[in-house]
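Let's take a look at how the chains of this model fit together. Have the structure open while you read, and follow the contacts as they come up.

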Amino acid sequence: MSDRQGEAARIDLTGRQLIEPGDFTVAELESIFELADQIIADPGAAMDLAKGKLMASLFYEPSTRTRFSFESAMMRLGGRVFGFDDPNTSSVSKGETLMDTAKIISCYADLAVIRHPREGTARLFAQSVPGMPVINAGDGGHEHPTQTLTDLLTIRHLLGSCSGHTVGVCGDLLFGRTIHSLVKTLNRYPDNRFIFISPKELRMPEYFLSMLPEGSYVETDSLDDVIGDVDILYMSRVQRERFVNEEEYIRLKDVYILDRHKMKRAKDDMIVMHPLPRVNEIATEVDDDPRAVYFKQAKFGMYVRMALISKLLGVAK
Amino acid sequence: MSDRQGEAARIDLTGRQLIEPGDFTVAELESIFELADQIIADPGAAMDLAKGKLMASLFYEPSTRTRFSFESAMMRLGGRVFGFDDPNTSSVSKGETLMDTAKIISCYADLAVIRHPREGTARLFAQSVPGMPVINAGDGGHEHPTQTLTDLLTIRHLLGSCSGHTVGVCGDLLFGRTIHSLVKTLNRYPDNRFIFISPKELRMPEYFLSMLPEGSYVETDSLDDVIGDVDILYMSRVQRERFVNEEEYIRLKDVYILDRHKMKRAKDDMIVMHPLPRVNEIATEVDDDPRAVYFKQAKFGMYVRMALISKLLGVAK
Amino acid sequence: MSDRQGEAARIDLTGRQLIEPGDFTVAELESIFELADQIIADPGAAMDLAKGKLMASLFYEPSTRTRFSFESAMMRLGGRVFGFDDPNTSSVSKGETLMDTAKIISCYADLAVIRHPREGTARLFAQSVPGMPVINAGDGGHEHPTQTLTDLLTIRHLLGSCSGHTVGVCGDLLFGRTIHSLVKTLNRYPDNRFIFISPKELRMPEYFLSMLPEGSYVETDSLDDVIGDVDILYMSRVQRERFVNEEEYIRLKDVYILDRHKMKRAKDDMIVMHPLPRVNEIATEVDDDPRAVYFKQAKFGMYVRMALISKLLGVAK
């Protein structure tokens, strides 16, 4: 294993762009996670890795948590950050094309993080500046690859690897961008099986299920029935903005609440994850349970971004 | 005195939280002022004190001056800052509780500065992350402790100590959060007496007066009558937003204007303070008078925050 | 030449303020360009020049590109930046005068960059804090001196000097602040002549022409006729906001589009410049032409600001 680690660490990702998890091979992802593990073990050693480097933090829609995660990651590497976080982007574009904006940004920054409400924008931006590290921090309902990297590092760090797990995913499986990306990426690792837990109205979409290996998943509408079987329970928020109908939202949002009572039936060594923010789908009484790792997960999010940025900048040893 | 200084400097405030001045003992406050004095004497020596440390600057309502004071303080210590300064905080909360927000911030930052329009919010935030340094940068009309620290450092640095002074406070004493906090804190030091100067409509509130030691203050509505008696004249703004009635505001705002004429009757070694911004309660002709120290006071505000941050982070020698 | 360079480098600009290009002599401008050339040759050597220094970035109107250029310049020198970029400046002023704001900013920052929609504001700000480096980043339609410095550095770096060129300037010459400033400043160098290319409605204003040396310019409405004569073709945007009439805008905006066809008639060693953003006045097919230097120009903008900041802070060797 330590041989494979050394090998993975030598994988060079300088100048690469991450728009969706599929842009990287499993070996490349693993090389990021290995660097993240080293940073977790000794964060101080990373303090000057990105000294003299600049990140452009381009949030065409506000997403405070994601922005903080990226900016703190860059700063903990000793790098600098400039950017904007404003829905009023009139001053940014002034009628110019995104390609021109990208080229100008590449004059000032060594790496760009872009969040945009329109699907495909991050890819277009990246293609305009080949050779410049660009990270997609979310493009509409499409992709948000560093959330997936966060999830995988959490699993790998706490459970030893990303393979061989029974993974329960619970909540809004119809619209859940985060969950689709996680399941797709975990399927690139061997021996994972999934339990999809949701009300009928929010089931995994057919097109998505049709892409999964036969027998790799089951569906249920009862969290209680299956909670004892899972190694990982991935909870997700039922977003109000996804519903046209207020009553429908109210009826469904409370159905799959995880509380202390349900946790009694879960394995002793399972883990509960959540991309945060939560509203009420996990009762706060669960927070003190050692199996609740969602706040740790937020911290892993910073570490995995530190590793990713270091690899793309080519500054990691 | 130098012995007591050495003693105070050894007071450890690592991981402490400052929500109101009463959270710290006088000895603890003094230890901050002593460090501030050292920084004023040699600012360059502090340049890397907070290297590798991150401050979250969370302004749930804009307050540019206060934000600049905190951010420049952190940067002058070699630390980094991320945050927001926006009344549109919808993207911050997304329905999650302040407790959850606090926990996530604690994943990314080493210290948090919070400003919020609702009283009590800073305390709630701080209690959610015990052991993490949190500084209240103002919660509604309630507290703004670093303004008080600024005022005390100014007095201490320019007059030698925070004891034994005759302090005139002038302006809006009814709503003046800054003034209430200053008077309360100066009362923890021995031998200060106060002259409260205001129109009847803006007198110190009864509940506040009832907390003061008997004989420690007098009230007057004439600045001219008492200006010759004070060691410190603390001027304050009459805020338009405190009045329901526009005529009432116009009638009262100009009554207590300090000008060169009034300054002639003041002692040669008194000082004039003001929390800034001023509107017109001090004529600009007074600015060149050496007794006018309100711009120095703004600079002391940065220095005292440098000292405070260093102590809470545990990085001061 | 190397002697004159050494001489220029010794010109001390510490504490100076740049509100319009005329504030600096040609020798002083040259000293900035020489430092910029050194930085271009070895950017790494500048990495810690402004360590421990703070820039206040005060954008009273948003101008993302200009702000990024200044902030990245300061960060590439190892300095720190705080500020705002928001049209909602109510919290900044709170009724106080700009003079008071300037004095408070000078307590926190070592250098201020100010952008304001009102003409003359930068000058007023600068006069309030004599001895503090202040840079005008644009005050209304009046001045934007660092754009002019950017243009001159580009010409000097790519063509060897700012003298002896035939300069075609094309587009909106009536309202073009950038172009007026460029022509005025190039006229302080010997032996430049100008060809003003525009529709009649957007000709150079009479008052401006009357200031130019006799015989130093010609006017034309045909880009095709003169493109073969110029050493420098400076293209500019026709800004929609300058027109009261939408049809007028549409009719004129496309008249002077530079495309591959027109470029065939231009000299082999001429250069095409543009202050960016462009809308469609240069076809993207021109971007790959080695004579198209407008994206390089954006990068020179960062370098010249690095040099300027270093000189004003007095940190350049």
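Start with one pair of residues: R76(B) and D110(C) make a salt bridge, with their closest N and O atoms 3.1 Å apart. Keep in mind that you're looking at a predicted model.

That pair isn't on its own, since 5 salt bridges are counted between chain C and chain B. There are also 9 residue pairs in polar contact between these two chains, both residues being at pLDDT 80 or more. Which parts of chain C do the touching? β1 (54-59), β2 (80-85), α4 (90-93) and α5 (98-108) of chain C each bring at least two residues to the side that touches chain B. The most comes from α5(C), with 7 residues. Sorted by class, this side of chain C has 11 nonpolar, 6 polar and 7 charged residues.

Now hop over to where chain A meets chain B. Here D110(B) pairs up with R76(A) in a salt bridge, and the closest N and O atoms are 3.1 Å apart. The rule finds 5 salt bridges across this interface, and the polar contacts come to 9 residue pairs, both at pLDDT 80 or more. On chain A, the elements giving two or more residues to the side that touches chain B are α3 (64-76) and α13 (294-313). The largest share, 9 residues, comes from α3(A). By class, this side of chain A has 10 nonpolar, 6 polar and 10 charged residues.

Here are the two interfaces in a table:

| Chains | Residues in contact | Buried area | Share from carbon and sulfur atoms |
|---|---|---|---|
| A and B | 26 residues from chain A, 24 residues from chain B | about 2300 Å² | 55% |
| C and B | 24 residues of chain C, 26 residues of chain B | about 2300 Å² | 55% |

Which three residues supply more of the area that chain C buries against chain B than any other three? They're R80(C), K94(C) and Y108(C), with 29% of that area.

How do chains A and B relate to each other? A rotation of 120° with 0.0 Å of shift along its axis lays chain A on chain B, with an RMSD of 0.0 Å. The two copies are therefore related as by a three-fold rotation axis. In chain A, the C-alpha nearest that axis belongs to R80(A), 5.0 Å away from it. The copies use different surfaces, as 4% of the contact residues of chain A recur in chain B.

One last stop is helix α8 (residues 177-186) of chain B, which is mostly covered, with 9 of its 10 residues buried. Among them are I179(B), L182(B) and V183(B).

How values were computed:
Residues are numbered from 1 along each chain as its sequence is written. Chains are lettered from A and ligands numbered from 1 in the order in which they are written. This is a predicted model: local features need pLDDT of at least 70, side-chain atom pairs count only at pLDDT 80 or more; totals for chains, interfaces and linings use all residues. Side-chain values use heavy atoms; hydrogens and water are left out. Buried means under 20% relative accessible area, exposed over 50%, partly exposed in between (1.4 Å probe, protein chains only). Helices (H or I, at least four residues) and strands (E, at least two) are DSSP runs, numbered from the N terminus. Copies are superposed by least squares on the C-alpha atoms of residues with pLDDT of at least 70 in both. Contact means heavy atoms within 4.5 Å. Buried area is the accessible area (1.4 Å probe) that two parts lose on being put together, summed over both. A salt bridge is a side-chain nitrogen of Lys or Arg within 4 Å of a carboxyl oxygen of Asp or Glu. A polar contact is a pair of N or O atoms within 3.5 Å; within protein, one must be able to donate a hydrogen and the other to accept it, and residues adjacent in sequence count only if both atoms are side-chain atoms. Ala, Val, Leu, Ile, Met, Phe, Trp, Tyr, Cys and Pro count as nonpolar, Asp, Glu, Lys and Arg as charged, and the others, Gly among them, as polar.
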